[in-house]
Amino acid sequence: MVIMQLSLLILLVSPLLAWQFPAYNMTPGVTPVSHEIYELHMLVFYICLFILIGVSVMTIYCLVNYRHSQGAKASSIKGNLKVEIIWTVIPFLLLITIAVPSTLVLINIVDTSDPDMNIKVIGRQWNWKYEYLDEGIEFFSDLSTPLAQIKGLEPKGDHYLREVDHPVVVPINKKIRFLVTSDDVQHSFAVPDLGLKRDAIPGYINEAWVYIEKPGTYRGACQELCGMKHGYMPIVVEARSQEGYLQWLAEQKGEAYVSSDPNAPVINFVPPEPAVIKMDHDSIIARGKQVFEKHCALCHGLNGAGGACPTLVDITQKWSEDELISIVLYSIKGKAMPAFEDVLSDQEIADVVYYVSNSWNNSEGQLISAETVADARR
Ligand SMILES: [Cu+2]
């Protein structure tokens, strides 16, 4: 009885909480699909509430009025056609009320026809790769939360584990089709504000679409348990005005961008001169450390000794430079390490291998040039 009263109380208070604290409710989002999903959710919620209140009132009424101490006697009615029709027709009508809008929303969700642009999304252990198919640009999007926050050495930032180095930039008011797939295991591409969730399955392409109505930054995450760093592959979608998007696009391509607005200043984007790569010990160690902390330290630990993972490559033991280059490029059999062949540049691999072979127990690492790494690529 107490449990029933408690659950009743929680269920009756929950709609009030949903109204007062929208953060506890599902988000209405910023796309037509997310609005439809939200409305469907609220419709089902009200139907559940209606049933809950109806059943609870009936139960309490019977408990109070027909209890044994009041002298109530159980009757032995056998069958009642009217009641049976009522308790068949009402649930049937309720199910139809849910089924019709659900089907319409589902049909809309899968309708990826006539997109204005196409972006291929590739889930990887453990980052996302985006390819703008109509523009010929592509990039990786990695977690950008500093390692010190993850290790608890610094206070957590506002977007802890929800921030990336390269967000997906898209224009508002355009139908954008995402072609979602995976390079390795199953991931899931999900951004609640956009009403978007699609599984990323190796060998398959799943389609999804969004039409974002409001500029802003929308955050999501991989929603399919995909390995050790599943929690470290967030998704950040940046929706900009058409003008802002075109400007970003020009920057990505290293082209100048001229605004279509005659009053706007002409923005000439000039790609920066390639930096001179210093090859002294301290510079390489500093660059290698940066690469190591971004891509390796989450598993291997800042001291290289790693955690308790039995499938970790022991980098504190002595490896030759060639072995390390091969491990970083293509991983090693029987270990959970991902291949960095597509993720890191030749210079980054040369730097990180030099850093590893000169840290911890290793101290006689040889200088490696980017060309050596390029030669080691199959
Ligand atoms: Cu994943």
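**Exercise 1. The setting of P115**

How many C-beta neighbours does P115 have inside 10 Å, and what does P115 count as?

Solution. The model is predicted: local features need pLDDT of at least 70, side-chain atom pairs count only at pLDDT 80 or more, and totals for chains, interfaces and linings use all residues. Residues are numbered from 1 along each chain as its sequence is written.

Step 1. Locate P115 in the loop between helix 3 (81-110) and strand 1. Helices (H or I, at least four residues) and strands (E, at least two) are DSSP runs, numbered from the N terminus.

Step 2. Count the neighbours: P115 has 18 C-beta neighbours inside 10 Å and so counts as partly exposed. The cut-offs are 20 or more other C-beta atoms within 10 Å for buried, 12 or fewer for exposed, and partly exposed in between, with C-beta atoms placed from the backbone.

Step 3. List the contacts (C-beta atoms, placed from the backbone, within 7 Å). Leaving aside neighbours within four places in sequence, P115 touches K175, I176, R177 and W209. The C-alpha atom of P115 is also separated by 11 Å from that of D134, 19 residues apart along the chain.

**Exercise 2. Two open sheets**

Give the strand order, edges and twist of each five-stranded sheet.

Solution. Step 1. One open sheet of five strands has the order 3-2-1-5-8, with mixed pairing. Two strands pair if DSSP finds at least two bridges between them. Strand 3 (137-141) and strand 8 (206-211) are at the edges with a single partner strand each, so one side of each has no neighbour in the sheet. From one strand to the next the twist averages 25°.

Step 2. Inside this sheet, strand 1 (residues 117-124) and strand 5 (residues 175-182) pair in the parallel sense over seven bridges. N118 has R177 in strand 5 as its bridge partner.

Step 3. Another open sheet of five strands follows the order 4-10-9-6-7, again with mixed pairing. Its edge strands are strand 4 (168-171) and strand 7 (196-200), each pairing on one side only. Neighbouring strands here are turned by 20° against each other on average, direction ignored.

Step 4. Strand 6 (residues 187-191) runs antiparallel to strand 7, and five bridges join them. S188 is partnered with D199 of strand 7.

Step 5. Helix 5 (residues 242-253) lies across strand 4 and strand 10 (234-240), at about 135° to strand 4. Axes are lines fitted to C-alpha atoms, for helices over the stretch in contact, and angles run from 0 to 180 degrees between N-to-C directions.

**Exercise 3. V237 and the cores**

Characterise V237 and place it in its core.

Solution. Step 1. V237 is found in strand 10 and is buried, with 23 other C-beta atoms within 10 Å.

Step 2. Not counting residues up to four places away in sequence, V237 touches P167, V168, V170, V191, L194 and Y218. Its C-alpha atom is 8.2 Å from that of G220, 17 residues apart along the chain.

Step 3. The largest nonpolar core (buried Ala, Val, Leu, Ile, Met, Phe, Trp, Tyr and Cys residues joined through C-beta atoms within 7 Å) has 31 residues, and those with the most contacts inside it are V121, F178, L194 and V237. Strand 10 supplies the largest share of this core, four residues.

Step 4. A second, separate core of 21 residues includes C296, I325, A350 and V356.

**Exercise 4. Helix 6 against helix 8**

Describe the packing of these two helices.

Solution. Step 1. Helix 6 (residues 281-300) and helix 8 (residues 346-356) pack at about 95°, with axes 7 Å apart. That makes helix 6 roughly perpendicular to helix 8. Angles under 35 degrees count as roughly parallel, over 145 as roughly antiparallel, 65 to 115 as roughly perpendicular and the rest as oblique.

Step 2. The contact residues of helix 6 include I284, V291, F292 and C296, and those of helix 8 include V352, Y355 and V356.

Step 3. In helix 8, nine of eleven residues are buried. Their cover includes helix 6, helix 7 (321-330) and helix 9 (370-376).

**Exercise 5. Backbone exceptions**

Find the unusual backbone geometry.

Solution. Step 1. Most residues other than glycine have a negative phi, and most peptide bonds are trans.

Step 2. The peptide bond from Q125 to W126 is cis, with omega near 0°. W126 is in the loop between strand 1 and strand 2 (127-132).

Step 3. L161, not a glycine, has a positive phi of about 60°. L161 sits in the loop between helix 4 (147-150) and strand 4.

Step 4. N173 has a positive phi near 55° and belongs to the loop between strand 4 and strand 5. N173 is partly exposed, with 13 other C-beta atoms within 10 Å.

Terms used: Two residues are in contact if their C-beta atoms, placed from the backbone, lie within 7 Å.
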